[in-house]
Protein chains: 2
Amino acid sequence: MQISFDEELGGLKEKILLMGSKVEEAIRLAMKSLVDRDTKLSRQIIRDDRDINDLEIEVDETCHRLLALHQPMASDMRFITSAMKINSDLERIGDMAVNIAERAITLNELPPLKPLIDIPRMASIAQEMVKVALDSLVNRDPVAAKKVCERDDEVDNLNDQIIRELLSYMIEDRAAITRALNLIFISRYLERIADHATNVAEDVVYMVQGKDIRHRRG
Amino acid sequence: MQISFDEELGGLKEKILLMGSKVEEAIRLAMKSLVDRDTKLSRQIIRDDRDINDLEIEVDETCHRLLALHQPMASDMRFITSAMKINSDLERIGDMAVNIAERAITLNELPPLKPLIDIPRMASIAQEMVKVALDSLVNRDPVAAKKVCERDDEVDNLNDQIIRELLSYMIEDRAAITRALNLIFISRYLERIADHATNVAEDVVYMVQGKDIRHRRG
């Protein structure tokens, strides 16, 4: 039995959302493995990234098939090309969760540097941005998508503040340097997750309005 | 006068290559602005990134037009969808050059920490990877493209080595911390340039062979 274009398009949307929920979960668990100092969990996140990578290839293949076998109308075409980009951003968010988990493994071997407050806060904003960006895709809601883009500055500021604080730890105590540097990397990974969520949101705006809002900020 | 599909496809290839030469130049100049402590040049790179961003939007529009108005054959379709991805990787390489230029501005205000040897070496490998990846696109040469992917490990190792060395500077002398941290960030930006060049090369392999080699390494 042949699958219709609309069915295949629906399947594509579902796969993107599945991938989205997997990367959201990966961010959440990577942060949990850091805060709870749970190296077993960190390793699980690194292992589970394979599923996200496999999904990326599947989504790409579906997009190519849809473009090749059908002649999609303008709005479907924009959905498919946006899906290809969103796919790649989601996969990279998964990679960032892996990077965080790897740093957590190093940090879990060392005594805690300080109670973690700002980094988990930054993580929950980044995670929320991914969630809202994907909701805006499902609801074809450019207003919600633009709100995601606006939050990017908040994350950038938090990242600057975290790096400044960790720098002062490093200067005060050389024994803190390795730990502070690993936390600085984690903060940067979270900032990049927020950047990727912003890319997804920009793609949603393009998809719905056919208008490119990249490089128009700031 | 209407432009033919083949002419428009040729124009797309030219734009991608123009973008490639602009980002290669941006990496080269960003490194020069760091080594020569030339803040004026750093600022120029930041300004000139706008041209790369404009080109990104142009390339994307061309790809969408080609997909929407024509019904490309399988191999042309793969070229167009690969062009969309390569476009986005090149734009991000431009962003990395901007990030390097920004760190150079900070470093140029401070006394030199050490003679820069490994970082410029890493930069020239990363720049070479971008160049070979784009040549492999022009020549539709998957063998050359795969060689780019192989060099990624070399850059990763160099990055690890640079970070270890800078860490030891930080631990020895607290006055070195800010400068060492900025150099660590630069090393990471170069590593990400190499990652993006690897993505481009993987897209070339896919484009030519219709085979997805992502996540098959290591």
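How many ångströms should the 21 residues of helix H4 of chain B span at 1.5 Å a residue, and how far apart are its end C-alpha atoms? The expected span of H4(B), residues 118–138, is 30 Å, and the end C-alpha atoms are 30 Å apart, so the two agree. This is a predicted model.

**Confidence**

Chain A averages a pLDDT of 93. In chain A, 98% of the residues score at least 70. For the complex, the predictor gives an ipTM of 0.85 and a pTM of 0.91.

**The fold of chain A**

Chain A has six helices and zero strands. Along the sequence the pattern reads α-α-α-α-α-α. The radius of gyration of chain A is 19 Å, close to the 17 Å that the globule rule gives for 218 residues, so chain A is as compact as a globular protein of that length. Along the principal axes, the C-alpha atoms of chain A fill a box of roughly 65 × 40 × 20 Å. Buried residues account for 44% of the 218 residues in chain A. Take the contacts in chain A between residues at least 6 apart in sequence: 81% of them join residues at least 24 apart.

**Helix H4 of chain B**

Back to H4(B). Its buried residues are B:Ile119, B:Met122, B:Ala123, B:Ala126, B:Gln127, B:Met129, B:Val130, B:Ala133, B:Leu134, B:Ser136 and B:Leu137. An α-helix has 3.6 residues a turn, so residues three or four places apart point the same way. The cover over the buried residues of H4(B) includes H1, H3, H5 and H6 of chain B. Just after H4(B), B:Arg140 takes a positive phi of about 45 degrees.

**Helix H2 in both chains**

Helix H2 of chain A covers residues 39–69. H2(A) has 31 residues and reaches 46 Å from its first C-alpha to its last, close to the 45 Å expected at 1.5 Å a residue. H2(B) also agrees with expectation: its 31 residues should span 45 Å, and its end C-alpha atoms are 46 Å apart.

The buried residues of H2(A) include A:Ile45, A:Ile52, A:Leu55, A:Val59, A:Leu66 and A:Leu67. Charged side chains are on the list too, among them A:Asp49, A:Glu56 and A:Asp60. In H2(B), the buried residues include B:Ser42, B:Asp49, B:Glu56, B:Asp60, B:Thr62 and B:Cys63.

What do the buried residues of H2(A) pack against? Within chain A, the partners are helix H1 (5–35) and helix H3 (74–108). From chain B, they are helix H2 (39–69) and helix H3 (74–108). For H2(B), the partners are H2 and H3 of chain A together with H1 and H3 of chain B.

**The interface**

In the pairing of the chains, 23 residues of chain B are in contact with 22 residues of chain A. H2, H3, helix H5 (142–172) and helix H6 (177–209) of chain B each supply at least two residues of the side that touches chain A. The residues of that side of chain B divide into eleven nonpolar, seven polar and five charged.

How are the two copies related? Chain B can be laid on chain A by a turn of 180 degrees and a shift of 0.0 Å along the axis, with an RMSD of 0.0 Å. The copies are therefore related as by a two-fold rotation axis. The same surface serves both copies, and 96% of the contact residues of chain B recur in chain A.

**Single residues**

Most residues other than glycine have a negative phi, and most peptide bonds are trans. Arg37 has a positive phi in each chain, as the table shows.

| Residue | Phi | Place | C-beta neighbours within 10 Å |
|---|---|---|---|
| A:Arg37 | about 55 degrees | loop between H1 and H2 of chain A | 14 other C-beta atoms |
| B:Arg37 | near 55 degrees | loop between H1 and H2 of chain B | 14 C-beta neighbours |

Both are partly exposed: A:Arg37 and B:Arg37.

Is A:Lys211 buried or exposed? A:Lys211 is exposed, because 11 other C-beta atoms lie within 10 Å and the cut-off for exposed is 12 or fewer. A:Lys211 lies in the segment after helix H6 (177–209) of chain A. Not counting residues up to four places away in sequence, A:Lys211 touches A:Val205 and A:Tyr206. A:Lys211 and A:Phe79 are 132 residues apart in sequence and 13 Å apart in space, C-alpha to C-alpha.

How values were computed:
Residues numbered from 1 in each chain as written. Chains lettered and ligands numbered in written order. Predicted model: local features only at pLDDT ≥ 70, side-chain atom pairs only at ≥ 80, totals over all residues. Helix = DSSP H or I, 4+ residues; strand = E, 2+ residues; numbered from the N terminus. Expected span 1.5 Å × (residues − 1). Buried ≥ 20, exposed ≤ 12 C-beta atoms within 10 Å, placed from the backbone. Contact = placed C-beta atoms within 7 Å. Least-squares fit on C-alpha atoms with pLDDT ≥ 70 in both. Rg over C-alpha atoms; globule rule 2.2 N^0.38 Å. pLDDT = per-residue confidence, 0-100.
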